[in-house]
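Reader: I have a structure open on my screen and would like to learn how to read it. Could you walk me through some of its features?

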Amino acid sequence: MNIIKRIFIGFLLLGNFLNAGANTSLTYGDMQKVQTAMYAISKYYVDTVNTDQMIDNAINGILENLDPHSKYIPKQEVQRMNEPLDGKFEGIGVVFQMMKDTLLVIQTISGGPSEKVGIRAGDRIVYVNDSTIAGVKMQNTDIMKRLRGPKGTSVNVKILRRGVKEMIDFKIIRDVIPIYSLDAAYMVDNTIGYIKVNKFSETTMEEFTQALNKLQSKGMKSLIIDLQDNGGGYLTTAVKLASCVLPSDKLVVYSEGVAQSREVFNTIGNPLFEKGNVVVLVNESSASASEILSGCIQDWDRGLVVGRRTFGKGLVQKPVPLPDGSIIRLTTAQYYIPSGRCVQRPYKDNLKDYDKDLIERYNRGELMHEDSISFPDSLRYYTINKRRPVYGGGGIMPDIFVPLDTTIYTKYHRNLAAKNVLNDFVLNYMEKNRAKLETQYQVKNDKKKELGFEDYLKNFNITDADLKAIKEAGDKEKVEFNEDQYKQSQSIIKKQIKAMIARDLWDTSEYYQIMNEENPIFKKGVEALQDKELYKKGMAPKKK
């Protein structure tokens, strides 16, 4: 199709969509104006013009002046964007990392194609379909293109395995690989269950229900839902999760816009966990659906929100398909939670500075001091049952504020992580010690896995020799050594290494079980459930 005609049709489709509402007066003349401008540029401009890039820039330019969350997504990114929320992709089922220009298998997905043919953690994939991928500095995206493919198709790989002289050939039949939205689910003590949700995807409710049932079978009486760093996802999933802890037919959220009439979402079905105490963990990176779920639980006085003020995204995006397969995610309404408040933070007067808000919060001291956060009386609302004051217009303010811990994280530690020193140490450590660790901690014995991890949690420690090796690796990567910062961050470095090894041996649930020991928000959430007076105080109305 002629590029100018394709551009014109794209704008015409967008114009028709916008004209369906009452907040625009886009006309056919406006479309002609765009078509004439594009034609003139392509016909008469002094230099060669990339017309595809030009139209992308034109659409981006329009959207950037509307609001912070209306976005243009090129055709090649659409499928990749949808994969995490669809909960699956098609491929060979391995978690890998590049180690010195070689693909190292970190994990095989349980029940996936690679595990079925006998590929193991620690294997190095050298060839894919007779093309070498080792030692050629290939990008991860290029490697994934070779390994992924439609279900039922095959890919041949050659791997190197520690202790085996010859390369081993495998033929792998690709299949659907799940993408999990729950990072962890475990019992904190005899009565408190913990579930960490990393996104709100198509499969989240199924995963959450399975985890909840398993924890209840172990005696769970109180529940922690961890939404820290959860950027959101499907609204319907947030509604389903709210339905697990709230009675049926309770308002979760409604949306409304100038061109969109009110749409109401209520809880559905019988709640799986209606009676026990609930704590929701949030921070400044909890956004969108995370804010709907945590705000809904807060508004109905169903549980405590613990942590720091959330991101503040309460806008509804509608996908608008364009002729070439690209889409526009256009903001059409705002979300309002049961108290009537909108969690969207202001953007109309400072659109250019919108993305700097989190930095500004840090600079103002909001992440460290609750007193630095203020809301105008005009944004005050009240919870449904207890009439506690809550505030809109800028995220969900927790019932119990937990300041950012700046005492253990240092520049030295950040640089070790940024230069991949910690990760490389774990890769090398596991390559040398995997077999011994798997035997010692019963990793492959299904009946004793849990006991093995308890043993690991209690007895495994990072040694002084390990810390020395990390320091020396940092020196090689030109990470400037600072004795005071090294001592200050030593505990978190040891904890992080121990957690990363556990993730390699078991899964992400074990990783978080270890890292949560150093997480102040998690610890305060547990304290609130263990201390009845603290929980009661958190649920009480606060004096202004």
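**Reading the model, feature by feature**

Author: Gladly! Let us start with one residue: Leu-235 lies in helix α8, which covers residues 235–245. Keep in mind that this is a predicted model.

Reader: Is Leu-235 buried or exposed, and how do I tell?

Author: Look at the relative accessibility. Buried means under 20%, so Leu-235, at 12%, counts as buried.

Reader: Which residues does Leu-235 touch, leaving aside those up to four places away in sequence?

Author: Its contacts are Val-253, Phe-265, Ile-292 and Tyr-335, once residues up to four places away in sequence are set aside. You can also compare sequence and space: Leu-235 and Val-316 are 81 residues apart along the chain, while their C-alpha atoms are separated by 9.3 Å.

Reader: What does that comparison give for Pro-150 and Phe-481?

Author: Those two are 331 residues apart in sequence, and their C-alpha atoms are 48 Å apart in space. Pro-150 sits in the loop between α6 (140–147) and β7 (154–160). Beyond residues up to four places away in sequence, Pro-150 touches Glu-90 and Arg-174.

Reader: Now for something dear to the bench. How many disulfides does the structure hold?

Author: A disulfide is a covalent bond between the sulfur atoms of two cysteines. This structure holds zero disulfides. Cys-244, for instance, is in none, and the nearest cysteine sulfur, that of Cys-296, is 12 Å away. Cys-244 counts as buried, because its relative accessibility is 1%.

Reader: Why is Cys-342 without a bond to Cys-296?

Author: Distance is the reason. The closest cysteine sulfur to that of Cys-342 is in Cys-296, and at 15 Å it is too far for a bond; the cut-off for a disulfide is 2.5 Å. Cys-342 is also buried, with a relative accessible area of 11%.

Reader: Let us turn to helices. How do I describe a pair of them?

Author: Two packed helices are described by the angle between their axes and the distance between the axes. Take α12 (residues 421–440) and α15 (residues 483–505): their axes come within 10 Å and cross at roughly 50°. That angle makes α12 oblique to α15. The crossing of α12 past α15 is right-handed.

Reader: Which residues of α12 and α15 make the contact?

Author: From α12 there are Leu-422, Asn-423, Phe-425, Val-426, Tyr-429, Met-430, Arg-434, Leu-437 and Glu-438, and from α15 there are Ile-493, Gln-496, Ile-497, Met-500, Ile-501, Asp-504 and Leu-505. Sorted by class, this contact has eleven nonpolar, two polar and three charged residues.

Reader: At what angle do the axes of α17 and α18 cross?

Author: Helix α17 (residues 520–530) and helix α18 (residues 532–539) have axes that come within 5 Å and cross at roughly 105°. This makes α17 roughly perpendicular to α18. In the contact, α17 contributes Lys-524, Glu-527, Ala-528, Leu-529 and Gln-530, and α18 contributes Lys-532, Leu-534 and Tyr-535. By class, the contact of α17 with α18 has four nonpolar, one polar and three charged residues.

Reader: Let me practise on one more residue. Where is Ser-509?

Author: Ser-509 is in helix α16, residues 508–515. With a relative accessibility of 14%, Ser-509 counts as buried. Not counting residues up to four places away in sequence, Ser-509 touches Asp-183, Ala-184, Ala-185 and Tyr-186.

Notes. Residues are numbered from 1 along each chain as its sequence is written. This is a predicted model: local features need pLDDT of at least 70, side-chain atom pairs count only at pLDDT 80 or more; totals for chains, interfaces and linings use all residues. Side-chain values use heavy atoms; hydrogens and water are left out. Buried means under 20% relative accessible area, exposed over 50%, partly exposed in between (1.4 Å probe, protein chains only). Helices (H or I, at least four residues) and strands (E, at least two) are DSSP runs, numbered from the N terminus. Contact means heavy atoms within 4.5 Å. Axes are lines fitted to C-alpha atoms, for helices over the stretch in contact, and angles run from 0 to 180 degrees between N-to-C directions. Angles under 35 degrees count as roughly parallel, over 145 as roughly antiparallel, 65 to 115 as roughly perpendicular and the rest as oblique. Ala, Val, Leu, Ile, Met, Phe, Trp, Tyr, Cys and Pro count as nonpolar, Asp, Glu, Lys and Arg as charged, and the others, Gly among them, as polar. A crossing is left-handed if the near helix is turned anticlockwise from the far one by less than a right angle, and right-handed if clockwise.
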